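Please find my notes on the structure below, as numbered points. They begin with a single pair of side chains and work outwards from there.

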Amino acid sequence: MRSRSTRAPAQQAERENAAERLAAQLDRPMGMLGILFLFVFLGQMLVTEPGWSRALSVAGWVFWAVFVAEFLLRAYVAGFQRAFWRRNWWQVIFLLVPFLRFVRALQAVRVLRVTRVARVGGILSAGVRGSRSAGRLLSSRIGWLAAVTAVVILAASQLLYAFESHTDYTTALYEAALATVTGTGITTEDPFSKVVHLVLAVYSVGVFATLAGSVGAYFLRGEDPVVQESEDG
C-alpha cells in the first residue's frame with residue numbers, strides 16, 4: 001500500500017514533466033500558427049468579398065482545430081490531471097470563446113449581444129495567442145517587446161473597429177498605434193474608446209520603462225574605466 005501511495009505522485013509528476021517537454025517541442029510551430037492566426041482573424045473582419053470571406057473563415061476554424069488538438073494532446077500526456085487544468089484554465093476559456101457565435105437563440109436578446117461578444121472574444125484570444133507566440137519565438141527582450149507591441153496595436157485597432165468607434169480601419173490602426181507608442185492619439189470620445197485609450201497609455205508607460213531598463217542594463221555591462229585603471233596600476 002505504501003509503495004502504491006508513493007508511486008502515484010511520482011507518476012503524476014512524470015506525466016506533468018512529459019506534458020511540459022511536449023509543450024516546449026511544439027513552441028515554435030504553434031508560435032508561428034499563433035502569429036498567422038492573428039492576421040487571418042484581421043482578414044475576416046476586413047474582407048467583404050464572399051469567396052475570400054469563406055476561405056478565411058475556413059482557415060480560422062482550421063487554426064482553432066489545431067490549437068484545440070494541441071491542447072488536448074498536452075492534457076492527455078499530462079493524464080488529464082487536476083493540476084493541469086488549474087494551470088491552463090484560461091486557455092480553455094479562449095478556446096471556447098469562438099463557439100459563442102453558434103448560440104443563435106441568444107441573439108434575440110439585445111442585452112447579451114452574443115455576436116459582438118464572440119467577435120471581441122476572438123480578437124482578445126488572437127491577441128493573447130499572438131503575444132504568447134512572440135514570447136515563444138523571440139529570445140531577445142527588445143525583439144519580444146517590439147513583437148508584443150505590434151500585436152497590441154493590431155488587437156486594439158480591431159477592437160475599436162469592432163465596437164464601431166471607427167468605421168474606417170486605417171484610422172483605427174493609426175490612432176491605436178499612436179496611443180500605444182505615445183499614450184495619446186485616440187480622438188473618439190465614446191466610453192469604449194476611453195477605456196482602450198487608458199489601457200494603451202498604461203502600456204506605453206510600461207514599454208518606455210522596459211526600454212529604459214534594457215538600455216541601462218546594456219551600458220552597465222561595460223567595465224568601469226576607473227576600476228580598470230586601478231587594476232592596471
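1. E20 and R87 form a salt bridge through their side chains, at 3.6 Å from N to O. This is a predicted model, so the distance is a property of the prediction. The pair links distant parts of the chain, with E20 in helix 1 and R87 in helix 3, 67 residues apart. E20 counts as partly exposed, at 45% relative accessibility. R87 is partly exposed as well, with a relative accessible area of 35%.

2. How many salt bridges does the structure hold? There are 2. Besides the E20 and R87 pair, the side chains of E70 and R74 meet at 3.0 Å, N to O. Here both residues lie in helix 2, 4 residues apart, which is about one turn of the helix.

3. Is E70 buried or exposed? E70 has a relative accessible area of 9%, and because the limit for buried is under 20%, E70 counts as buried. R74 is buried too. Apart from neighbours within four places in sequence, E70 is in contact with L26 and M30. A reader looking at the E70 and R74 salt bridge should therefore look for a buried pair, since both partners fall under the 20% limit.

4. The aromatic residues deserve a separate point. A search of the whole structure finds 12 aromatic pairs. One of them is F71 with F84: the ring centres are 5.5 Å apart and the planes stand at 45 degrees, so the pair is tilted. The pair links distant parts of the chain, F71 being in helix 2 (residues 50-77) and F84 in helix 3 (residues 82-87), 13 residues apart. Both a distance and an angle are quoted because a pair of aromatic rings is described by the distance of the centres and the angle of the planes.

5. F71 is buried, with a relative accessible area of 3%. F84 is buried at 2%. These two residues belong to one aromatic cluster, which is formed by F71, Y76, F80, F84 and W85.

6. Which residues form a nonpolar patch on the surface? They are L73, Y76, F80 and W85, with about 410 Å² of accessible area together. Y76, F80 and W85 are also members of the aromatic cluster. W85 lies in helix 3 and counts as partly exposed, at 31% relative accessibility. F84, also in helix 3, is buried.

7. Turning to the interior, the largest nonpolar core has 19 residues, and those with the most contacts inside it are F37, F67 and I123. Helix 1 (2-46), helix 2 and helix 6 (141-162) each supply at least two residues of this core. In soluble globular proteins, nonpolar side chains tend to be buried together.

8. What is I123 in contact with, leaving aside its neighbours within four places in sequence? The list is F41, M45, A155, Q158, L159 and A162. A second, separate core has 13 residues, including L145, L160, A179 and I186.

9. F94 is in helix 4 (residues 89-96). With a relative accessible area of 23%, F94 is partly exposed; the cut-off for buried is under 20%, so F94 does not qualify as buried. F94 and V128 are 34 residues apart in sequence, and their C-alpha atoms are 8.8 Å apart in space.

10. Now for the chain as a whole. The protein chain has 9 helices and 0 strands, and from the N terminus on its elements run α-α-α-α-α-α-α-α-α. Of its 233 residues, 33% count as buried.

11. Among contacts in the protein chain with a separation of 6 or more, residues 24 or more positions apart account for 60%. The E20 and R87 salt bridge, at 67 residues apart, links distant parts of the chain. The accessible surface of the protein chain comes to about 14400 Å², and carbon and sulfur atoms make up 65% of that area.

Note on methods. Residues are numbered from 1 along each chain as its sequence is written. This is a predicted model: local features need pLDDT of at least 70, side-chain atom pairs count only at pLDDT 80 or more; totals for chains, interfaces and linings use all residues. Side-chain values use heavy atoms; hydrogens and water are left out. Buried means under 20% relative accessible area, exposed over 50%, partly exposed in between (1.4 Å probe, protein chains only). Contact means heavy atoms within 4.5 Å. Accessible areas come from the Shrake-Rupley method with a 1.4 Å probe; for residues, only the protein chains shown count as cover. Rings of Phe, Tyr and Trp (its six-membered ring) pair if their centres lie within 6.5 Å; planes under 30 degrees apart count as stacked, over 60 as edge-to-face and the rest as tilted. A nonpolar core is a set of buried Ala, Val, Leu, Ile, Met, Phe, Trp, Tyr and Cys residues joined through side-chain atoms within 4.5 Å. A salt bridge is a side-chain nitrogen of Lys or Arg within 4 Å of a carboxyl oxygen of Asp or Glu. Patches are made of residues with over 30% relative accessible area and no salt bridge: like charges are joined within 9 Å, nonpolar side chains (Val, Leu, Ile, Met, Phe, Trp, Tyr) within 5 Å.
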